[in-house]
Amino acid sequence: MGEHGEVRRIAVVADQESSMIDLMRSGVGLCLVRERLARDLIAKGQLAQWTGETIPCPLSFVMRVAESSGPLHGAVQECISIVW
């Protein structure tokens, strides 16, 4: 139980960003979204952002071992380095 007597209730757990945003829009709860997407939704008046804190969200890229030394790996790694 929280400091003010509130209780966290988990109604849904989703790993698809579009599903989480739909749930947030319907009033079911809160969600984490990418900053760029959040800015777009805020600009459209579809989202309210809590500005109290940001959290790091490390991401990993994985691929099959068989492809890890081929040309695809190098090309993907270069693209990821540009984007991130």
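Glutamate 35 and arginine 39 sit four residues apart in helix H2, about one turn of the helix. Their side chains form a salt bridge, with an N to O distance of 3.4 Å. Glutamate 35 is exposed, at 57% relative accessible area. Arginine 39 is partly exposed, at 48%. The model is predicted.

The search of the whole structure returned three salt bridges. Side chains of opposite charge can pair when their charged atoms come close. Helix H1 holds both partners of another pair, arginine 25 and aspartate 22. These two residues are three positions apart, about one turn of the helix. Their side chains meet at 3.8 Å, N to O. This distance is within the 4 Å cut-off, so the pair counts as a salt bridge. Arginine 25 has a relative accessible area of 45% and is partly exposed. Aspartate 22 is also partly exposed, at 45% relative accessibility.

A further salt bridge joins the side chains of glutamate 17 and arginine 34, at 2.7 Å from N to O. Glutamate 17 belongs to helix H1 (residues 17-25), whereas arginine 34 lies in the loop between H1 and H2, so the bridge ties together parts 17 residues apart in sequence. Arginine 34 is partly exposed, with 45% relative accessibility.

On the scale of the whole chain, the fold consists of three helices and zero strands. The order from the N terminus is α-α-α. The radius of gyration is 18 Å, well over the 12 Å given by the globule rule for 84 residues, so the chain is more spread out than a compact globule. Along the principal axes, the C-alpha atoms fill a box of roughly 55 × 30 × 25 Å. Buried residues make up 7% of the 84 residues. Among contacts with a separation of 6 or more, 3% are between residues 24 or more positions apart.

The loop between helix H2 (35-43) and helix H3 (71-83) contains glutamate 53. Glutamate 53 has 52% relative accessibility; this is over the 50% cut-off, so the residue counts as exposed. Its C-alpha atom is 40 Å from that of proline 71, which is 18 residues away along the chain.

Surface and charge were also computed for the chain. The exposed area is about 7,700 Å², and carbon and sulfur atoms supply 56% of it. The chain carries 8 positive and 10 negative charges, and the mean positions of the two sets are 5 Å apart.

How values were computed: Residues are numbered from 1 along each chain as its sequence is written. This is a predicted model: local features need pLDDT of at least 70, side-chain atom pairs count only at pLDDT 80 or more; totals for chains, interfaces and linings use all residues. Side-chain values use heavy atoms; hydrogens and water are left out. The radius of gyration is taken over C-alpha atoms; the globule rule is 2.2 Å times the number of residues to the power 0.38. Buried means under 20% relative accessible area, exposed over 50%, partly exposed in between (1.4 Å probe, protein chains only). Contact means heavy atoms within 4.5 Å. Accessible areas come from the Shrake-Rupley method with a 1.4 Å probe; for residues, only the protein chains shown count as cover. Lys and Arg count as positive and Asp and Glu as negative; His and the chain ends are not counted. The place of a charge is taken as NZ of Lys, CZ of Arg, CG of Asp or CD of Glu.
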